[in-house]
Amino acid sequence: MASVEKFIEKVTSARCLSPDFLSQDIWREPDEIPSFNDALETIERTVRKGGNILVWGDQDCDGISSAALLHLALTSAGASITTYIPDRKKEGIGMNIGSLKREILRNKPDLVITVDCCSKDTEAASILRQSGIELVVTDHHEIPSSFLDGRTIVNCRREDSLYPFGGLSGSGTALKLALKFSQDPYLWILSSLGTISDRVPMLDENRTIVKRGFEALDKFRFESIDLLCSVQESPLPASTDELKKIVISPLASDSSENGISSSFEFLTKKPEIIDAEAMVRRSREWMDARETYFAKALKIKQYAGPYVFFHDVDVPRSILGSLASRLSVAEGKKVFAVGALDEEGFETVEARACSGDALTVLENNGHFFNSFGGHKKACGAKIKSEKVVGFFESLSRTPDHEKIEKRFRIDIITDKSELNDEVLLTLASFRPFGQDFPEISLEITDMLSSNPLEGKNIFLLNEKAKLREATPFDDIWMYD
């Protein structure tokens, strides 16, 4: 029988992690995050003076969680605060100029704080400056120095950032500020939701955020989480996978009108069972629709040179990104999914890269888009319907200089005799699992899989020390 220590040594070596990784709890003071201290001073001054604050969010789970935790923290500090979550379908991502001007007239803010967006929104910044309104941007999307323009942008991904970790989500960035005003453990829960949903690397401070989120779930009761569990007849989530299914998926089914987000309200006000039921129902409808569209995507996908291209005008915008992600994992290529035709003749591009940089590909084809942005592995654009064919043809002529080799990610090769309960529990203590630190992959030579992958019996060990068979769409691949 191989020792537990031997297994840990194998996993540690395979993942290139330090031996004390399991015990690390990394959390840094945020002083080296660009503009952090300036932002903190601006917010504290506005709160002291009793000024009005407008928090501007984004309608994905990371953006909603970011807005919720900052709203709650500043409210607890006595701030006069209003939060606006734009409808992505109607208003896009970032500060829609028409909506911003309306909110300026309606709420008369002295300070606008953005979360999970707006690093590149220079026009909106100019409008606020001309109106005498201060602006603090908190974000985590890539931004070149040419866009800084003297603004207060709290963003670890700025080109001039000296902060040791650039992988924080929008909610992780917002949490750094929120903790200066409140120590409510619920803030860690909210940041965990944003961190997991945005698929940022589950490394460094992101692991700490999720660990502390689970610790808070174990120690305290939170009405919003309890109600979602109750409606689904589920115990409290004990793993990132369960948190996705039970909490994040319903929250991601958000509906927004005039800046009022149903998921934001659910997280920050007294939650009602009727709202939880509606969120869960929308979530299940979304998952059913996703499976239907994914089956279609597998049939009609095309190869545009080295890339995978998928085009279906009927696919809802909320599903496009998920389709692109799954295709990217399955194909081992950069995927560009286009669809969600709107009333003004625009379609959405969702780009995903299992490895490498998809954002640069969008930048090189920027003349086709009305707007684009995001991360290297997950980004998007807005394109006029009549330009889609031209974009496809351009992709077909665009070489991909990043050579990607796809192979199994196998952490341990073993047999059934070595896998006792102690070993499995110890391996599972690597939790939390997630992006760039996925479930532990085992090739168990004498445990037959009902669906062997390339002739190998591949199993995954989850955070609850349970083994399951791997599927082609699991995060079981490595890319060079």
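Helices, here, are DSSP runs of at least four residues, numbered from the N terminus. In this predicted model, helix H2, which covers residues 36-48, is followed by Gly50, a residue whose phi is positive, near 75°. The 13 residues of H2 should span 18 Å at 1.5 Å a residue, and the end C-alpha atoms are indeed 18 Å apart, so the expected and the modelled spans agree. The buried residues of H2 are Phe36, Ala39, Leu40, Thr42, Ile43, Thr46 and Val47. Seen down the helix axis, these buried residues fall within an arc of 165°, and they therefore line one face of H2. An α-helix has 3.6 residues a turn, so residues three or four places apart point the same way. The cover over the buried residues of H2 includes strand E1 (52-56), helix H3 (61-76) and strand E3 (111-115), together with E4, E5 and helix H7 (170-178).

The largest nonpolar core comprises 78 residues, among which Ile53, Leu74 and Ile113 touch the most other members. Helix H3 gives the most to this core, contributing 8 residues. When residues up to four places away in sequence are left out of the count, Leu74 touches Ile43, Ile53, Ala79, Ile81, Ile113 and Phe181; of these contacts, Ile43 is one of the buried residues of H2. A second, separate core of 21 residues includes Tyr307, Phe309, Ala353 and Val361. In soluble globular proteins, nonpolar side chains tend to be buried together.

Strand pairing was examined for E11, E12 and E13. Strand E11 (residues 346-353) runs antiparallel to strand E13 (residues 378-384), the two being joined by 7 bridges, and the bridge partner of Arg352 in E13 is Ala378. Strand E12 (residues 369-374) also pairs with E13 in the antiparallel sense, over 5 bridges, with Ser371 standing opposite Lys382 of E13. E12 and E13 form a hairpin, with 3 residues between them.

A polar residue, Glu142, is found in the loop between strand E4 (134-138) and strand E5 (152-154). Because its relative accessible area is 17%, which lies under the 20% limit, Glu142 is classed as buried. The side chain of Glu142 is joined to that of Arg157 by a polar contact of 2.8 Å. Apart from residues up to four places away in sequence, Glu142 touches Lys120, Arg157, Leu359, Gly374, His375 and Lys376, and of these residues Gly374 belongs to strand E12 (residues 369-374).

Note on methods
Residues numbered from 1 in each chain as written. Predicted model: local features only at pLDDT ≥ 70, side-chain atom pairs only at ≥ 80, totals over all residues. Heavy atoms only, no water. Buried < 20%, exposed > 50% of the residue type's maximum accessible area, 1.4 Å probe, protein only. Polar contact = N/O pair within 3.5 Å; in protein donor to acceptor, adjacent residues only side chain to side chain. Contact = heavy atoms within 4.5 Å. Pairing = 2+ DSSP bridges. Expected span 1.5 Å × (residues − 1). Arc of directions from axis to C-beta. Core = buried A, V, L, I, M, F, W, Y, C linked by side-chain atoms within 4.5 Å.
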